[in-house]
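Here is a set of questions and answers on a protein model. Look at the sequence and structure first.

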Amino acid sequence: MSLDPVQVMKRQDSLPKTCPSASNGDSKASWDDSKDIHENVGSTKKPKPPKPENAVTIAVSSRVLFHTEKEQKVFEQQGIEEYLRYQVEHENEPFAPGPAFPLVKALEAVNNHLRELYPESEELFDIVLVTYNHANVGIRLINTINYHNLFIERFCMTGGSSPTGYLKAWHTNLYLSADTAKVQEALSEGIAAATMFMSEKQIEVSKTQLKVAFDGDAVLFSDESERIFKAHGLDKFFEHERENENTLLDHGPLKGFLEVLGKLQKKFYAKGHRLDCPIRTYLVTARSAASSGIRALKTLRAWGLEIDEALFLAGAPKGPMLEKIRPHIYFDDQMFHVEGAVEMGAIAAHVPYGIAQKYPHKKSTNTGK
Amino acid sequence: NFFSHIRTPPKPSNAVTIAVSSRTLFNMVKERKVFEEEGLEKYVAHQLELEDQPFTPGVSFPFVKALMNVNARLRELYPDSEELFDIVLMTNNHAQVGVRLINSINYYDLTIERFCMTGGESPIGYLKAYMTNLYLSKDSMKVQEAIEEGIAAATMFTCDSENELSDTQLRVAFDGDAVLFSDESEIIVKEHGLDTFFRHEKEFENNAASAGARVLKTLRSWGLEVDEALFLAGAPKGPLLQKIRPHIFFDDQMFHIEGAQELGTIAAHVPYGIGQKYHKGKRIDTNTNNEIKMSKK
C-alpha cells in the first residue's frame with residue numbers, strides 16, 4: 001500500500017486537484033473523505049455524480065471515447081517519452097470523437113430525462129474514464145471532454161497497470177476498450193466488457209433515444225449452444241434446442257447489462273413513458289425462430305428480462321438490420337459480424353467470450369440483388 | 001460447410017422474400033380484442049396462458065403453404081439454388097408472444113425461421129433490410145407506408161367462407177390498373193368518364209381500338225407473361241375468381257375486394273392510386289378513406 005501510481009482525479013474547469021487516492025477495495029471510506037473537498041469546490045450548476053453502488057457505471061478507455069490513432073502511432077513507433085511530449089504539445093487541441101462517443105452522448109441524454117422525472121434519484125448512468133494513460137495526458141483529455149460538453153467527472157489514469165481492480169471498485173456495469181486483452185481480463189473477472197474499433201464510415205444515430213443491440217448466444221446467453229453447433233453441426237444444434245426447450249440457457253457476459261438497462265426502463269414506464277422510452281433494446285440473433293427461438297425467449301422470460309425488439313435472422317446477414325436499427329452499440333461475440341457491422345458504419349463491439357474465439361471465420365461476399 | 005440446405009433459409013439477396021404479419025398468417029381476432037379492450041399487459045398475459053395452443057390459420061396461411069409447396073418442387077429440381085421463396089414473420093407483437101407464434105408455426109409444419117418482432121415500431125426499415133418482394137398485413141397504414149417506399153404490399157381481411165384451394169399449384173391473380181400498371185387510365189375514367197378513357201386508350205395504341213391491347217403490349221414490353229388473362233369490361237369479378245380460386249387476389253378497389261370476399265375468394269387490397277378516393281363510383285372524402293371497413297373483420 002506504499003506507492004500508489006494511480007491518481008484519482010476530480011475534474012474541474014482549470015487545475016486538476018488530486019483527491020485522497022482511492023484504495024482498490026475500500027470505496028466507502030474514500031467517498032466520505034472526498035465528500036467535503038467535492039462540496040467546497042467546483043461549480044454548483046453541474047449535478048453531482050451518483051455513488052457507484054447506485055449508478056450504472058460505464059467505464060470507457062480514452063481510445064474508444066476519442067479518436068487517438070495518431071497519438072497511438074507515435075507511442076508505438078517512437079516510444080513513451082516522445083508520446084508524452086507530443087500530447088503535452090497538443091494539449092489544447094481536442095481529440096475527435098471515437099466509437100464510444102455517440103453512446104456516451106446518448107447515456108447523458110437519458111440521464112437528463114431521468115433527472116427530470118426523478119430529481120433525487122442516484123439511479124443514473126455514470127461514465128468513468130479508465131485509461132492506461134500517463135497522468136500528464138489528463139489535461140488534454142479534460143480539455144477535450146469540456147470541448148465536447150461531456151459530463152465525465154471520474155477518471156482512473158492507471159499509468160500502465162491493469163484497470164481491472166479499479167473496474168471492480170467502481171462497480172462497473174460495462175467496460176469498453178480498444179484493447180482485447182484488457183477486455184478479456186475484465187470478462188474473466190465477471191465484468192461485462194467489449195472491444196470497440198474505429199471505423200471510417202459512421203451512420204447517424206439518434207440523439208434522443210439510446211439504442212442498445214445484443215447478439216444472443218455467447219453474449220446474453222452462454223456459449224453452450226454454439227459449442228454444440230461448432231462440434232456437431234446444425235442438425236444436432238436444432239435437436240438439442242428442441243429437446244431442451246424448457247431448460248434455461250445459462251447466462252452470458254452481457255446479461256447483467258441488459259438487466260440494468262431494464263431497471264432504468266421500468267423507471268420510465270412507471271411515469272407513463274412506455275411508448276416514448278429513451279432506452280430501447282434489441283435482440284439480433286442468428287438463431288432460427290421455429291427451430292431454436294423458443295429456448296431463447298423462454299430464458300429471457302425466466303430471467304424477467306424484456307427486450308423491445310427481437311430479430312431472429314436464421315443466418316441472414318446482420319449488417320442491413322443494424323443499418324436499419326442504428327444502435328449506439330451492438331454487442332457480438334464473433335469478429336465476423338462485428339467487422340461486417342463496422343464496415344457498414346454501424347457501431348459494433350466485440351465480446352471476446354466463448355467458443356467462437358477459437359474459430360476465426362473468413363468473410364464471405366454477398367451477391368447483391 | 002456447416003449449413004444444411006434444407007434448414008437454412010436462403011440469403012435475402014437471392015430469395016423472393018415475402019413478409020407476412022402475424023395477424024394475416026394466423027387468426028388472432030380474439031386476442032386482438034383482448035389487446036384493444038384490456039391493454040398490453042393483459043394481452044401478453046393472455047397469450048402466455050394459451051401459449052401451447054396453436055392459433056388457427058389466418059387469411060394468408062393458404063398462400064404461405066402454397067409458397068412452401070413451390071419451394072419443395074424447386075428444391076427437387078435445383079437442390080443447390082437459393083432462388084426460393086423466403087417467408088419472414090414481420091410483426092408489431094411483443095417478443096414474448098413469439099413463443100406462441102413459434103409453437104403455431106411448428107404445429108402446422110411451416111418453415112418460417114425469420115422473425116422481426118418490432119415491439120410497436122414501424123416495420124418499413126426491416127422490410128427494406130430483407131429486400132422484401134411482397135408485404136402482407138391487416139394494417140392498411142403499414143401497407144401504405146410500404147407502397148410509398150416502393151415495396152409491393154397489400155392489406156388482407158379475414159374471410160368468413162373460403163373456397164377449397166389447390167394443394168399443388170400456387171395461383172396468384174392480379175387486377176390490372178393501379179396494381180400491375182399505374183393508375184393513369186383509372187384517373188381518366190374516374191375524372192372524365194368511360195368515353196374519354198377509350199379515346200385516350202386509342203390514341204396511345206397502335207392498331208386495335210381496345211384498351212386490352214395496350215395492357216397486353218405493356219406486359220410484353222416488360223417481358224412479363226401471365227398464364228391467363230381475363231378482360232371483364234365491367235362484369236363482376238366475384239364469379240370468375242370463384243372459378244379460379246387463387247391463393248391471393250390483388251385489387252386496388254375495395255368494391256372488388258368486397259365482391260370477391262362475398263364469394264369466398266382471398267382478396268388483398270392494394271391501397272394505391274386514384275381508386276382510394278372513390279367507393280362504388282362516388283367520390284369520397286380522403287380523410288375518411290381509412291374508414292371504409294369490412295362489415296366482417
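The questions below go through a predicted model, from one chain to the interface and then to single residues.

Q: How many helices and strands does chain A have?
A: Chain A has 369 residues, and 55% of them count as buried. Among its contacts with a separation of 6 or more, 76% are between residues 24 or more positions apart. The secondary structure of chain A comes to 13 helices and 14 strands.

Q: How much area do chain A and chain B bury between them?
A: The size of an interface is often given as the accessible area lost when the parts come together. Here the contact takes 41 residues from chain A and 42 residues from chain B. Carbon and sulfur atoms carry 56% of the buried area, which is about 3300 Å².

Q: Which residue of chain A forms a salt bridge with Glu41(B)?
A: The rule finds two salt bridges across the interface of chain A and chain B. In one of them the closest N and O atoms are 3.6 Å apart. That is inside the 4 Å cut-off for a salt bridge. The partner of Glu41(B) is Arg274(A).

Q: How many residue pairs are in polar contact between chain A and chain B?
A: A polar contact needs a pair of N or O atoms within 3.5 Å. Both residues must also be at pLDDT 80 or more to enter this count. Between chain A and chain B the count is 14 residue pairs.

Q: Which element gives the most to the side of chain A that touches chain B?
A: Several elements of chain A each supply at least two residues, including helix H8 (224-232), helix H9 (234-243) and strand E11 (279-285). Helix H11 (289-302), strand E12 (309-312) and helix H12 (319-325) do so too. The residues of this side divide into 20 nonpolar, seven polar and 14 charged. With nine residues, the element that gives the most is H11(A).

Q: Which residue of E5(B) stands opposite Ala310(A)?
A: E12(A) pairs with strand E5 (residues 114-117) of chain B. The sense is antiparallel, over three bridges. Opposite Ala310(A) stands Met117(B).

Q: Is Glu71(A) buried or exposed?
A: Glu71(A) is found in helix H3 (residues 69-89) of chain A. Its relative accessible area is 4%. The cut-off is under 20%, so Glu71(A) is buried.

Q: With which side chain does the side chain of Glu71(A) make a polar contact?
A: Leaving out residues up to four places away in sequence, Glu71(A) touches Tyr83(A), Tyr86(A), Gln87(A), Phe95(A) and Arg140(A). The polar contact spans 2.9 Å. The side chain on the other end is that of Arg140(A).

Q: Which elements of chain B do the buried residues of H12(B) pack against?
A: Helix H12 (residues 254-262) of chain B has several buried residues, among them Met254(B), Ile257(B) and Ala260(B). The buried residues of H12(B) pack against helix H11 (238-244), strand E9 (248-251), strand E10 (267-269) and strand E11 (278-279) of chain B.

Q: Which residue just after H12(B) takes a positive phi?
A: H12(B) covers residues 254-262. Just after it, one phi is about 85 degrees. The residue is Gly264(B).

Q: Which backbone oxygen lies 2.9 Å from a polar atom of the side chain of His269(B)?
A: His269(B) is found in strand E10 of chain B. His269(B) is buried, with a relative accessible area of 7%. Residues that His269(B) touches include Phe157(B), Asp252(B), Met254(B) and Ile257(B). The oxygen belongs to Asp252(B).

Conventions
Residues are numbered from 1 along each chain as its sequence is written. Chains are lettered from A and ligands numbered from 1 in the order in which they are written. This is a predicted model: local features need pLDDT of at least 70, side-chain atom pairs count only at pLDDT 80 or more; totals for chains, interfaces and linings use all residues. Side-chain values use heavy atoms; hydrogens and water are left out. Contact means heavy atoms within 4.5 Å. Buried area is the accessible area (1.4 Å probe) that two parts lose on being put together, summed over both. A salt bridge is a side-chain nitrogen of Lys or Arg within 4 Å of a carboxyl oxygen of Asp or Glu. A polar contact is a pair of N or O atoms within 3.5 Å; within protein, one must be able to donate a hydrogen and the other to accept it, and residues adjacent in sequence count only if both atoms are side-chain atoms. Helices (H or I, at least four residues) and strands (E, at least two) are DSSP runs, numbered from the N terminus. Ala, Val, Leu, Ile, Met, Phe, Trp, Tyr, Cys and Pro count as nonpolar, Asp, Glu, Lys and Arg as charged, and the others, Gly among them, as polar. Two strands pair if DSSP finds at least two bridges between them. Buried means under 20% relative accessible area, exposed over 50%, partly exposed in between (1.4 Å probe, protein chains only).
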